[in-house]
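Please open the structure in your viewer and keep a selection box at hand, as each stop on this tour begins with something to select.

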Amino acid sequence: MSYRIDLTVLSEQKQFCRFGVTLHNLSDQDLIDWKLQFIIDRYVLPESVNHGEIKQIGSFCTITPDVQILKANQHYYCELSINTAPLRYYTDGFKDALVVEHNGEVSHPVVVTPIALASPYRERSHIPEVEASKLALIPKPNQINLLDGYYLLSPNSQITLNSTRAEGAANWLQVELERLYEFKTHSIGHSDILFRDNPILDEGEYSLTVGKEGIRIESGSAAGFIHACATLLQLVEATDTRNTLRVRHVKISDSPRFRYRGMMLDCARHFHPVERVKRLINQLAHYKFNQFHWHLTDDEGWRIEIKAYPELTDIGSKRGPGTALEPQFSTLKEVYQGYYSQDEIRDVIAYAAERGITVIPEIDIPGHCRAAIKSLPHLLADSEDKSQFRSIQHYNDNVLSPALAGTYEFLDTVLAEVVELFPSPWVHIGADEVPNGVWIDSPSCKALMEELGYQCHKELQGHLLRYAEKSLKKMGKRMVGWEEAQHGNKVSKDTVIYSWLSEEAALNCASQGFDVIMQPAQYTYLDMTQDYAPEEPGVDWAATIPLEIAYGYEPLKNVPESDPIRKRILGIQCALWCEIITHQQRMDYMIFPRLTALAEACWTNKQHRDWKDYLSRLKGHLPLLDKQGVQYRQPWKQK
Ligand code: TNX
């Protein structure tokens with residue numbers, strides 16, 4: 001390889017770090033009229049760069065060096081600084097680098113070496129050794145009676161449905177038995193697996209009895225039947241005889257702790273093909289989750305087809321050379337793209353519904369809108385706005401204007417199509433991370449504030465969100481949004497708040513009268529690293545989350561049973577933000593096994609949860625993940 005770049009930590013303090021960057025020209029050609037591009041997700045202080053000038057848009061940086069020629073076999077060196085926390089992990093460093101010559105007409109790939117970290121942590125989290133449990137059920141059912149003996153399932157086994165509600169569950173069970181064990185049930189024979197209605201049971205509740213006479217599943221809801229099948233699929237064991245499975249005699253009565261048990265997947269930062277999304281949804285069903293929150297739009301990509309605005313996907317779903325959006329997060333040289341057609345979305349929704357999972361779409365406004373604004377500038381760009389701001393992800397042009405007619409036209413049109421497409425009663429409107437300083441120097445925002453008597457710019461955000469809330473309500477939907485949706489004090493208490501800053505913040509929203517979904521980043525963010533070794537992929541702005549910490553998340557730990565605030569906490573959600581999730585293997589590694597730990601926080605009552613007990617069930621469960629090719633992080637790593 002002809003070019004190599006090194007990033008070295010020179011000094012680090014809590015909120016200020018200085019680095020040395022060396023580009024080696026190992027080719028036999030001089031570089032003339034060249035620039036250096038790289039990707040890093042921290043903000044580089046522009047004034048801090050010596051020997052050149054930096055321009056940064058999001059994670060995309062370009063350095064114009066102060067030397068025009070870099071001779072063959074020579075190197076270029078500069079220093080730069082950030083004023084955020086030190087880098088601790090290799091994935092914090094340059095993700096990609098490129099040398100471009102002659103205004104980008106020629107480009108040369110650059111080998112990126114791992115950052116030379118100042119003080120790599122050597123501390124590791126330690127998972128105690130345990131015996132694998134023979135009853136490897138995750139999440140742990142709330143009542144189990146283990147009995148002697150096994151029931152055998154053979155190809156003559158028949159599934160009998162005494163409930164129309166159980167149809168979806170029975171289909172899913174058959175699909176999964178075939179996928180996992182190449183096992184097919186017949187339609188003749190006696191009733192080995194019987195699904196029966198039991199209207200006394202609550203939503204999601206089920207009972208599962210395996211005895212001499214067969215497998216009996218009872219529930220009062222379609223969801224309950226699905227959860228029963230999820231349990232059954234973990235009880236099933238292969239035998240030495242082909243096409244014969246055995247199931248331990250057991251009696252289980254089970255119901256969820258929280259009624260909302262979700263996972264959010266960011267498909268904007270990196271695009272996940274439909275098959276990958278479905279694979280995750282199916283996994284969620286196995287751990288009794290019932291909500292899939294689909295983050296479909298962000299600064300770096302618009303991923304949902306909107307028929308009225310083909311530009312959103314023609315332009316907004318692509319980034320990289322020759323497109324309207326700069327490269328971000330991973331590759332510099334190739335165009336990165338992807339979106340879901342409405343047909344694909346319908347297919348995903350149906351697939352999820354068959355597994356008891358509701359798909360909640362998120363259209364993130366008014367921040368995180370760069371892809372939309374670049375796609376529809378005639379509607380969404382406020383050319384007179386001279387406000388200076390920088391978003392958390394380092395953009396200065398990613399916020400919708402509450403004072404443009406185009407913004408409302410856009411919202412009406414997009415939301416109408418979204419509502420039409422998604423049966424979910426909730427639509428997520430984002431509302432997170434609107435940067436300070438936005439709208440301040442926009443004449444039209446000023447005029448709007450005067451007209452409505454608003455004192456503070458945050459009220460403009462409230463104004464826009466209130467509009468969205470009303471439109472969604474008219475269309476029969478409930479608006480839900482991130483924590484910041486209540487900023488600006490305009491949305492009604494009908495809006496459900498997804499709180500991500502901390503559990504304390506969630507309780508604060510609940511005490512104001514909002515219904516709340518808790519997604520505290522310190523426990524539920526699956527993009528956080530899982531240990532302290534520098535080769536662990538991930539970020540750590542909220543925390544490092546080893547399995548033990550994820551498992552240790554005990555929702556509402558400090559809230560007394562009698563506190564009425566508990567009623568406002570509808571459930572728990574975990575999230576995978578995808579800045580560094582570029583491929584399936586990385587996704588598996590970040591999700592598993594932590595998802596199984598969090599599933600238990602969602603489902604299992606506090607008194608039945610125990611770290612060591614979970615570990616032994618996890619150990620017993622890993623072979624099932626292996627069977628499916630899930631590339632989880634090994635909990636019992638050899639040092
Ligand atoms: C915060 S949590 C975000 C996302 C980032 C994530 C990275 C929230 C509502 N916003 O935009 O992707 O951190 O961890």
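In what follows, a residue is called exposed when its relative accessible area is over 50% and buried when that area is under 20%, with a 1.4 Å probe and protein chains only. The model you are looking at is a predicted one.

**Stop one: helix α9 and its two faces**

Select residues 443-452, which form helix α9, and colour Cys445, Leu448 and Met449, since these residues are buried. If you then look down the axis of α9, the buried residues fall within an arc of 100°, and they therefore line one face of the helix. An α-helix has 3.6 residues a turn, so residues three or four places apart point the same way. Now add Glu450 and Glu451, which are exposed and sit on the face of α9 turned away from its buried side. What do the buried residues of α9 pack against? Show residues 458-474 to find the answer, for this is α10, against which they pack. Just beyond the helix, select Gly453, which follows α9 and has a positive phi, near 70°.

**Stop two: helix α11**

Move on to residues 503-511, helix α11, where the buried residues are Glu503, Ala505, Ala506, Leu507, Cys509 and Ala510. To see what covers them, display β28 (496-499), β29 (516-518) and β30 (569-576), which are included in that cover. Here, too, a glycine with positive phi comes after the helix: Gly513 follows α11, with a phi near 110°.

**Stop three: the ligand**

Select the ligand together with the 13 residues around it, among which Arg269, Tyr525, Asp527, Trp541 and Glu579 come nearest. Which side chains place polar atoms by its oxygen and nitrogen atoms? Starting with Glu579, you can draw a distance of 2.6 Å from a polar atom of its side chain to an oxygen atom of the ligand. At Asp432, a polar side-chain atom lies 3.2 Å from a nitrogen atom of the ligand, and at Gln393 an N or O atom of the side chain is 3.4 Å from a ligand oxygen. Taken alone, the ligand would expose 370 Å², of which the protein buries 96%.

**Stop four: Glu362 in strand β25**

Select residues 358-365, strand β25, and within that strand pick out Glu362. Is this residue buried or exposed? Glu362 counts as buried because its relative accessibility is 0%. Its side chain makes a polar contact of 2.7 Å with the side chain of His295. If you extend the selection to the contacts of Glu362, leaving aside neighbours within four places in sequence, you will find His293, Trp294, His295, Leu296, Thr297, His428, Gly430 and Trp482. One of these, Leu296, is 66 residues away from Glu362 in sequence, yet the two C-alpha atoms are 5.9 Å apart in space.

**Stop five: Arg633**

Next select Arg633, which is placed in the segment after α16 (611-627). With a relative accessibility of 11%, Arg633 counts as buried. Its side chain makes a polar contact of 2.8 Å with the side chain of Glu536, and another polar contact, of 3.5 Å, joins it to the side chain of Asp531. Setting aside neighbours within four places in sequence, the residues in contact with Arg633 are Gln530, Asp531, Glu536, Tyr589, Phe592 and Pro593.

**Stop six: strands and their partners**

Show the open sheet of 4 strands whose order is β8-β2-β1-β11, with mixed pairing. β8 (75-82) and β11 (111-112) stand at its edges with a single partner strand each, so that one side of each has no neighbour in the sheet. Strand β2, residues 16-25, runs antiparallel to β8 and is joined to it by 8 bridges, and to see one of them, select Cys17 with its bridge partner in β8, Ile82.

For parallel pairing, turn to β13 (residues 158-162) and β14 (residues 191-197), which are paired over 5 bridges, Thr160 having Leu194 as its bridge partner in β14. β14 also pairs in the parallel sense with β16 (residues 214-219), again over 5 bridges, and there Arg196 has Glu218 as its bridge partner.

Finish at Ser207 in strand β15, residues 206-211, which counts as buried at 17% relative accessibility. Not counting residues up to four places away in sequence, Ser207 touches Leu201, Arg216, Ile217, Glu218, Ile252 and Ser253.

Conventions. Residues numbered from 1 in each chain as written. Predicted model: local features only at pLDDT ≥ 70, side-chain atom pairs only at ≥ 80, totals over all residues. Heavy atoms only, no water. Pairing = 2+ DSSP bridges. Helix = DSSP H or I, 4+ residues; strand = E, 2+ residues; numbered from the N terminus. Arc of directions from axis to C-beta. Contact = heavy atoms within 4.5 Å. Near = heavy atom within 4 Å. Polar contact = N/O pair within 3.5 Å; in protein donor to acceptor, adjacent residues only side chain to side chain. Areas by Shrake-Rupley, 256 points an atom, 1.4 Å probe, with all protein chains shown as cover.
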